[in-house]
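Q: Hey, could you walk me through this one? I'm new to it, so keep it simple.

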Amino acid sequence: MPRTALRICPLCEATCGLTLTIEDAAVTGARGDREDVFSHGFICPKGAAFGAIDSDPDRLRVPLVRRDGRLQEATWEEAFDAIAAAVPALVGEYGAQAVGVVLGNPNVHTMAGALYPPLLLKALGTRNLFTASTLDQMPKHVSSGLLFGDPFAIPVPDLDRTDFLLLLGANPVESNGSLCTAPDFPGKLKALRARGGTLVVVDPRRTRTARLADRHLAPRPGSDALLLAALAHTLLVEKLAAPGTLEEHTEGLGELAAALGSFTPEAVAPACDLTAAEIRTLARDLAAAPTAAVYGRIGSCTVEYGTIASWLVDVLNILTGNLDRPGGALFPLSATGPAPRPARPGKGFALGRWSSRVSGHPEAKGELPIAALAEEIETPGEGQVRVLVAIAANPVLSAPDGDRLDRALAGLDFMVSVDPYLNETSRHAHVVLPPPPPSQSAHFDFAFNGFAVRNQARYSPAVVPLEEGRMDECEIQARLVLAVSGMHGAAAPDAVDELAIRTTLAKETADPRSPLHGQDPVGLADLLTGRSGPERRLDLMLRLGPYGDRFAPTAGADAHAGAGAGAGAHAHAGADADAHAHADAGAGVDAEGEAVTRGLSLERLLAHPHGIDLGPLRPRLPGVLKTRSGRIELLPDPIAAELPRMRAALADRPAALVLVGRRHLRSNNSWLHNVPALTGGSNRCTLQIHPEDADRLGLADGGRARITAEGGSLEVPVEITDAVRTGVVSLPHGWGHDRAGVRLSVASATPGANVNQLLDGTRLDPLSGTAVLNGFPVELTPLP
């Protein structure tokens with residue numbers, strides 16, 4: 001008989017609540033959970049296809065181990081035996097830096113991806129970490145680190161309360177949002193306009209988001225930083241800047257006007273291909289709005305000056321007084337994040353603490369550019385990457401010059417891939433460890449709750465039991481930690497979780513600032529609940545978090561209020577206003593609106609299957625700051641040093657034709673092209689081009705063209721549309737499923753072209769190491 005179960009959708013950053021229909025351990029339907037405290041029933045085509053994704057017949061069900069040059073099915077024990085025999089021996093022979101770790105985008109959509117990679121890196125001792133961040137949001141991490149001292153202190157637009165929203169390089173109607181976790185982003189944009197607010201979209205394409213806007217500006221791709229600099233310049237010169245109370249928490253305001261002095265609207269207008277009047281009008285409207293938020297995403301990150309653009313987004317929020325203000329851009333307070341502590345100077349944020357071996361790329365947030373992975377594998381010498389661990393990563397498609405990386409992977413001494421598919425990258429592995437489908441996995445959004453537009457907490461236990469022969473992904477990654485550290489067979493996987501728990505509690509109880517100072521960490525660990533190591537770790541993080549019970553002995557609201565979740569816990573968090581803002585942070589409400597007593601824990605979360613609403617975002621300054629000065633450092637040295645290079649670029653002659661990517665609502669990078677329900681229709685790999693450019697180049701709609709850039713050339717079908725501005729062509733990211741040896745039957749039938757093959761990996765934002773995936777020059781030739 002069919003039954004229903006609740007599950008948080010893991011397929012994009014919106015994290016919508018789903019109600020699944022299950023028959024005989026199979027998901028046969030999915031609809032939005034109307035009682036979900038965050039998404040309120042919203043669902044997109046990806047969530048509606050949950051069952052088809054879950055039951056994809058091409059998903060691997062057992063491990064694969066390479067024998068005699070071929071990947072063959074194996075037992076779990078054989079798979080981990082192979083890893084334990086190879087990796088420690090190779091580390092012993094060549095050193096820890098001979099190992100590279102690659103983490104893909106799906107990694108942050110699972111509990112395992114949040115809990116175990118840090119332990120894996122520690123066990124390996126390598127600095128060679130490459131992630132999807134340097135193909136996406138690393139500029140925002142770097143700019144936030146420089147401004148606020150914490151690369152994860154990323155303010156998000158207060159979508160439900162703002163009067164004016166400026167979006168740059170973002171298409172949330174189709175992407176569902178990014179670094180801004182917001183179910184029903186389209187509905188929130190419509191609600192903004194319905195309440196009399198203003199939406200301005202800056203994008204070289206007339207996207208579905210742009211069609212909702214009051215105003216759409218279509219500048220030349222890659223010019224976002226110049227436009228933002230001119231907006232800030234206008235605010236300063238016309239004395240429209242009004243930081244208000246932010247001024248007491250900010251240093252560098254006086255130097256900013258001189259640093260941006262060259263970026264007048266007249267100076268940047270030709271490079272942006274906008275008029276100076278348009279730029280001034282936008283600056284004045286931004287300043288005049290009662291509340292406003294500026295939000296920039298992948299289109300403004302994956303360009304040459306991505307870090308400067310990301311920095312200027314927050315500079316504008318600061319200059320207009322809208323940072324850390326309701327209706328502006330605020331810092332979320334995740335239920336599993338650190339509990340607020342007294343405001344004081346921190347360690348700050350540093351770039352380039354080490355560099356890549358071959359090209360000397362500086363690290364950012366502990367990561368090296370993924371564009372450098374191929375050369376690190378290919379180039380002989382001490383520290384050459386000979387072993388690779390890839391978790392939910394497909395860099396052959398997602399990173400520049402996939403052909404080169406494809407060849408490099410084939411030369412590795414050993415590779416482990418944790419992936420449900422045999423795809424363009426995992427086909428090179430010596431061992432493939434397949435996690436189970438989402439229905440058989442528990443879920444909590446450790447990462448995305450840190451970027452949510454409303455504070456909340458939701459947890460989904462697995463809704464279907466593990467099939468026989470499957471292994472939970474948390475156990476897979478825990479066993480992987482043991483295998484690479486030489487502990488395979490010497491400890492159970494739960495020992496990895498218990499060590500993490502004891503280590504965290506030992507640090508907490510040794511901290512004089514902690515309410516747990518001086519307590520027994522072993523005794524506290526015994527109080528944790530949960531049916532597994534990952535659940536116990538989640539319980540620990542909830543208890544130690546800003547709404548947690550701090551191991552209070554009773555469940556009453558009064559007891560919890562003084563035990564770390566209520567006014568007593570936050571009264572020392574900084575200024576009186578800051579303390580007041582947090583005084584009720586631990587008092588959530590469930591879906592029915594009933595009060596939930598303070599003291600968040602796993603047990604309490606399980607009692608509220610639709611989630612616990614922890615309230616709207618609240619001001620958090622100065623407590624959020626971790627800079628060495630204890631203030632917002634508005635003009636950090638690395639940014640100031642980069643501005644002259646951008647100033648010189650004003651004299652550059654723009655290319656005749658540049659390329660930008662695009663996103664489809666029914667896709668997420670290279671993930672979902674193997675699901676029939678999410679293919680076809682508008683989800684096609686076509687080269688979009690404006691009619692005027694098509695006519696000039698002799699291209700016909702539905703015809704084919706050769707597109708060429710410094711990394712190579714591709715043959716692509718042409719789609720003529722005025723949705724792209726002149727001088728711009730658009731090709732979506734994540735396609736190119738045409739390599740031998742993959743097991744993706746649907747994706748391989750319509751493989752598309754890998755846009756990143758047009759790049760050779762040399763175009764990077766120098767501050768963040770992020771690949772320039774947008775705004776690079778291309779040439780087009782019609783094909784017969």
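**A first walk through the helices**

A: Sure. One thing first: this is a predicted model. Let's start where helix H5 ends: H5 is followed by Gly-125, whose phi is positive, near 75°.

Q: OK, and which residues of H5 are buried?

A: H5 covers residues 117-124, and the buried ones are Pro-117, Leu-120, Leu-121 and Leu-124. Around the axis they span an arc of only 95°, so they sit on the same side of H5.

Q: What do those buried residues pack against?

A: Quite a list: helices H3 (76-94), H4 (111-115) and H19 (473-484), plus strands E6 (99-103), E7 (129-131) and E15 (387-391).

Q: Let's pick H19. How do the axes of H5 and H19 cross?

A: They cross at roughly 5° and come within 9 Å. Angles under 35 degrees count as roughly parallel, so H5 and H19 are roughly parallel to each other.

Q: And which residues make that contact?

A: From H5, it's Pro-117, Leu-119, Leu-120, Ala-123 and Leu-124, and from H19 it's Gln-477, Leu-480, Val-481 and Val-484. By type, the residues of the contact are eight nonpolar, one polar and no charged.

Q: Switching helices. What's buried in H18, and what's exposed?

A: In H18 (residues 402-410), Gly-402, Leu-405, Asp-406, Ala-408 and Leu-409 are buried. Those buried residues fall within an arc of 165° seen down the axis, so they line one face of H18. Arg-407 and Ala-410 are exposed on the other side of H18.

Q: What covers the buried residues of H18?

A: The cover includes helix H16 (373-378), helix H17 (395-398), strand E16 (414-418) and E15. You've met E15 already, since the buried residues of H5 pack against it too.

Q: New topic: Asp-613. Where is it, and is it buried or exposed?

A: Asp-613 is in strand E21, residues 612-616. Its relative accessibility is 11%, and buried means under 20%, so Asp-613 counts as buried.

Q: What does its side chain make a polar contact with?

A: The side chain of Arg-454, at 2.8 Å. There's also Gly-615: its backbone nitrogen lies 3.0 Å from a polar atom of the Asp-613 side chain.

Q: Last one, where does Arg-220 lie, and what does it touch?

A: Arg-220 lies in the loop between strand E11 (215-217) and helix H10 (224-237). Its side chain reaches the backbone oxygen of Ala-271 at 3.1 Å. Leaving out residues up to four places away in sequence, Arg-220 touches Pro-270, Ala-271, Cys-272, Asp-273, Pro-654 and Arg-725.

Key
Residues are numbered from 1 along each chain as its sequence is written. This is a predicted model: local features need pLDDT of at least 70, side-chain atom pairs count only at pLDDT 80 or more; totals for chains, interfaces and linings use all residues. Side-chain values use heavy atoms; hydrogens and water are left out. Helices (H or I, at least four residues) and strands (E, at least two) are DSSP runs, numbered from the N terminus. Buried means under 20% relative accessible area, exposed over 50%, partly exposed in between (1.4 Å probe, protein chains only). A polar contact is a pair of N or O atoms within 3.5 Å; within protein, one must be able to donate a hydrogen and the other to accept it, and residues adjacent in sequence count only if both atoms are side-chain atoms. The arc is that of the directions from the helix axis to the C-beta atoms. Contact means heavy atoms within 4.5 Å. Axes are lines fitted to C-alpha atoms, for helices over the stretch in contact, and angles run from 0 to 180 degrees between N-to-C directions. Angles under 35 degrees count as roughly parallel, over 145 as roughly antiparallel, 65 to 115 as roughly perpendicular and the rest as oblique. Ala, Val, Leu, Ile, Met, Phe, Trp, Tyr, Cys and Pro count as nonpolar, Asp, Glu, Lys and Arg as charged, and the others, Gly among them, as polar.
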